[in-house]
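Here is a set of short exercises to work through with the structure open beside you. Try each task before reading its solution.

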Amino acid sequence: LFIFIVAALEETIVISKLGDNATLSCIYPVKELSLNNLRVYWQIDDVQEQCSVVHALISGQDNESEQCIHFKNRTQLLWDRLGEGDFSLLLLNVSQSDERKYKCVVLQTNEYTKVVHQAQVVLSLAASYSQPILSGPVTNSNSTGEVTFSCSSDNGYPEPNVYWINRTDNSRLLPSELSITLHDDGTYSVLSTLKVKATSDMQIECFIENKRLQENISANYTQEKQNNGSNTESHKDLEKGGRGAQAAGIISIVILLALLAVLICWLWKHRSSKLVSYTGNE
């Protein structure tokens with residue numbers, strides 16, 4: 001005989017990343033608690049499931065006789081909290097197949113069996129997308145002045161929102177193409193392309209948004225402004241000036257060497273003339 005004495009059913013939403021461990025909360029607020037008179041069942045809250053038992057605790061002991069094979073060795077109760085009425089379940093290494101609604105049912109077995117507490121937990125899974133890779137701009141051959149950007153990201157869950165922003169005026173840009181691929185491990189890859197008119201001050205940013213994790217990551221492109229030529233010209237002038245100074249230095253050295261040669265030649269001739277004069281006087 002079962003007697004149901006339950007108020008409005010609690011429901012919580014738990015968000016966990018793929019491959020992590022998820023804690024499904026079920027707390028029976030009671031001051032005095034004897035586990036010997038309790039049964040706790042965690043089950044999938046879906047009447048169409050052929051096997052629904054996720055975990056069972058009977059008289060303070062785990063009971064695996066009816067546990068679904070999908071959950072074998074993947075569930076744990078928090079043993080140090082059971083005496084406080086905390087029957088939360090630790091679900092290990094979660095995957096997409098665990099993304100369900102679960103129910104915790106606490107029954108008290110005295111003269112008769114009655115449900116004293118229930119809780120519902122919705123498990124939602126997520127995975128962070130990789131840092132976006134922004135490529136471009138690539139000039140389109142069939143369209144004058146138009147360029148294409150591409151933005152890609154991988155290993156995320158669930159499907160993301162992808163959008164482009166023109167940072168010069170913060171306007172939203174419409175992508176020309178969006179491709180989302182589902183992989184064998186349940187994660188998604190995304191590739192988005194954008195075609196825009198090329199400008200001298202393009203500032204384009206691509207966003208990958210995972211609403212479930214409240215994550216929004218981006219990659220951006222900023223067009224480098226071209227110099228007006230003054231810097232280039234001044235650099236050329238400096239280069240020319242340097243070359244001119246170098247040439248002038250070489251010419252000066254040549255002139256000095258020539259003057260020195262003339263001076264040596266003059267001194268030699270002057271000395272020779274004196275020797276001839278002295279010999280004649282003798």
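**Exercise 1. Decide whether asparagine 170 is buried, partly exposed or exposed.**

Solution. Start with the relative accessible area of asparagine 170, which is 52%. The cut-off for exposed is over 50%, so asparagine 170 is exposed. Next, locate the residue: asparagine 170 sits in the loop between β13 and β14 (171-173). Finally, check its backbone. The phi angle of asparagine 170 is near 60°, a positive value in a residue other than glycine.

Now look at asparagine 155, which also has phi near 60°. This asparagine belongs to strand β12, and with 46% relative accessibility asparagine 155 is classed as partly exposed. Such angles deserve a second look because most residues other than glycine have a negative phi.

**Exercise 2. Work out how far the predicted model can be trusted along the chain, using pLDDT.**

Solution. This is a predicted model, so begin with the confidence scores. The protein chain has an average pLDDT of 83, and 82% of the residues reach at least 70. Then look for weak stretches. Residues 226-242 have pLDDT below 50, and this stretch makes zero contacts in the model beyond near neighbours in sequence. Residues 275-282 also stay under 50, with zero contacts beyond four places in sequence.

Keep those ranges in mind when you view helix α1, which spans residues 230-281 and contains isoleucine 253. Isoleucine 253 joins Leu257, Leu260, Leu263, Ile264 and Leu267 in a nonpolar surface patch of about 580 Å².

**Exercise 3. Describe the overall make-up of the chain: how many helices and strands are there?**

Solution. The count is one helix and 18 strands. For burial, 34% of the 282 residues count as buried. For the contact pattern, take contacts between residues at least 6 apart in sequence: 61% of them join residues at least 24 apart. The chain exposes about 18100 Å², of which carbon and sulfur atoms supply 51%.

**Exercise 4. Find the salt-bridge partner of glutamate 11 and explain what the pair ties together.**

Solution. The whole structure has eight salt bridges. In one of them, glutamate 11 pairs with lysine 101, with the closest N and O atoms 3.8 Å apart. Glutamate 11 is in strand β2 (residues 10-17) and lysine 101 in strand β9 (residues 101-109), so the bridge ties together parts that are 90 residues apart in sequence. Both ends can be classified: glutamate 11 is partly exposed at 45%, and lysine 101 is partly exposed at 33%.

**Exercise 5. Identify the side chains that meet aspartate 45.**

Solution. First, the side chains of aspartate 45 and lysine 103 form a salt bridge at 3.9 Å, N to O. This pair links strand β9, where lysine 103 lies, to the loop between β4 (38-44) and β5 (53-58), where aspartate 45 lies, and the two are 58 residues apart. Lysine 103 is buried at 17% relative accessibility, whereas aspartate 45 is partly exposed at 28%.

Second, the side chain of glutamine 120 makes a polar contact with the side chain of aspartate 45 at 2.5 Å. Glutamine 120 lies in strand β10 (residues 113-126) and is buried, with a relative accessible area of 12%.

**Exercise 6. Trace the surroundings of methionine 202: is this residue buried or exposed?**

Solution. Its relative accessibility of 5% makes methionine 202 buried. Methionine 202 occupies the loop between β16 (188-197) and β17 (203-210). Leaving out residues up to four places away in sequence, its contacts include Val147, Phe149, Tyr221 and Pro137. Another contact is Gln223; methionine 202 and glutamine 223 are 21 residues apart in sequence, with their C-alpha atoms 5.0 Å apart.

Follow the contact to proline 137, which is in strand β11 (residues 133-139). The peptide bond from glycine 136 to proline 137 is cis, with omega near 0°. A cis bond also runs from tyrosine 157 to proline 158, with omega near -5°. Proline 158 is found in the loop between β12 (146-156) and β13 (161-166).

Definitions and conventions:
Residues numbered from 1 in each chain as written. Predicted model: local features only at pLDDT ≥ 70, side-chain atom pairs only at ≥ 80, totals over all residues. Heavy atoms only, no water. Patch = residues over 30% accessible without salt bridge, like charges linked within 9 Å, V, L, I, M, F, W, Y side chains within 5 Å. Areas by Shrake-Rupley, 256 points an atom, 1.4 Å probe, with all protein chains shown as cover. Salt bridge = Lys/Arg side-chain N within 4 Å of Asp/Glu carboxyl O. Helix = DSSP H or I, 4+ residues; strand = E, 2+ residues; numbered from the N terminus. pLDDT = per-residue confidence, 0-100. Contact = heavy atoms within 4.5 Å. Buried < 20%, exposed > 50% of the residue type's maximum accessible area, 1.4 Å probe, protein only. Polar contact = N/O pair within 3.5 Å; in protein donor to acceptor, adjacent residues only side chain to side chain.
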